[in-house]
Structures are given as structure tokens and as C-alpha cells.
Amino acid sequence: MHASESKDASLLRILLAETKDLKEGDLIEEQIENHGLSACSLERIGFVPGDWEDIDVGACFATRSIPVDKVDDIVFIATSCYLSRPVREYWRGLYGEMIVWFIAPFAQIEERLQMFGEARAAESEASGA
């Protein structure tokens with residue numbers, strides 16, 4: 001795998017899209033029922049990449065999670081990988097226990113991460129010019 005492909009590496013992508021061994025609706029339902037998450041649609045949530053300058057976009061891709069809002073000390077994070085303990089531990093390392101988790105469709109997470117990565121690349125290019 002080349003470094004340029006690392007953003008595409010995802011076991012969840014393989015299970016959902018390529019092998020179709022996992023139904024996303026079932027996965028989302030399980031997380032709502034058994035883990036107390038709420039579902040969200042990222043299409044309805046505005047996003048300004050500049051508001052998250054302290055966030056590592058690569059870590060967002062690796063965890064398939066993205067912060068969507070912050071109110072006082074509470075951070076709202078949308079993810080497609082809540083069931084992964086290392087994912088939760090990474091974000092708790094940044095924000096402590098003051099996180100409200102949401103489960104979002106994988107494709108919406110991917111689209112938002114792509115937008116975030118492109119915005120960061122444009123910022124970097126503009127500052128380097």
C-alpha cells in the first residue's frame with residue numbers, strides 16, 4: 001500500500017462495500033440499541049474546517065471519526081467506528097470524558113473527511129505560497 005492510499009485503508013469499508021459481509025443498517029442499529037449512541041446525518045450539520053485547526057486530519061481518517069461541534073467543554077464526535085476501543089481511547093486522550101458520540105453512515109464520514117483533508121491541503125498550500 002502506498003502512502004497516498006492510506007486514507008482509503010479501512011476494514012469497515014471492505015466489510016460494507018467490497019465484500020458486503022456487513023449491513024450498515026444492522027451495525028448502526030446495534031450501536032444505538034446496545035451502546036446508547038444517537039444516529040446523526042452529517043448532511044444536516046454544518047462544518048467549518050478552520051474551527052478545528054488543532055485536529056489531526058490523518059487521525060480522523062484512521063479513526064473514521066470527526067468532531068462536529070463543541071459547546072463549552074463538551075465535544076460532539078461523529079464516527080463510524082465507535083465499537084473500536086482504540087478509537088474511543090484516542091479521542092478521550094484529546095478531550096477526556098466530555099465527549100458525546102454519534103454514529104453516522106460510513107459514506108458521510110468519508111465525504112466529510114475528504115472535505116476536511118482538502119481544506120487542510122488548500123490551507124497548507126496557501127500558507128506555503
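Student: In this predicted model, is Q31 buried or exposed, and what is its relative accessible area?

Tutor: Q31 is found in helix 2, which covers residues 24–35. A residue counts as buried when its relative accessible area is under 20%. Q31 meets that cut-off and is therefore buried, with a relative accessible area of 1%.

Student: Which residues is Q31 in contact with, leaving aside its neighbours within four places in sequence?

Tutor: Contact here requires heavy atoms within 4.5 Å. One of the residues that satisfy this for Q31 is I103, which is the bridge partner of A39 in strand 4. With those neighbours left aside, the residues in contact with Q31 are G36, L37, Y82, L83 and I103.

Student: Within what arc do the buried residues of helix 2 fall, seen down its axis?

Tutor: The buried residues of helix 2 are L27, I28 and Q31, while the face turned away from the buried side carries the exposed residues E33 and N34. An α-helix has 3.6 residues a turn, so residues three or four places apart point the same way. The buried residues of helix 2 line one face of the helix, because seen down the axis they fall within an arc of 95°.

Student: How many of the residues of strand 4 are buried?

Tutor: Strand 4 is joined to strand 1 by 2 bridges, the two running parallel, and strand 3 pairs with strand 4 in the parallel sense over 5 bridges. Strand 3, helix 4 and strand 4 also make a right-handed β-α-β unit. Strand 4 is largely enclosed by the rest of the structure, because its buried residues number 4 of the 5.

Definitions and conventions. Residues numbered from 1 in each chain as written. Predicted model: local features only at pLDDT ≥ 70, side-chain atom pairs only at ≥ 80, totals over all residues. Heavy atoms only, no water. Buried < 20%, exposed > 50% of the residue type's maximum accessible area, 1.4 Å probe, protein only. Pairing = 2+ DSSP bridges. Right-handed = clockwise from strand over helix to strand, strands pointing away. Arc of directions from axis to C-beta.
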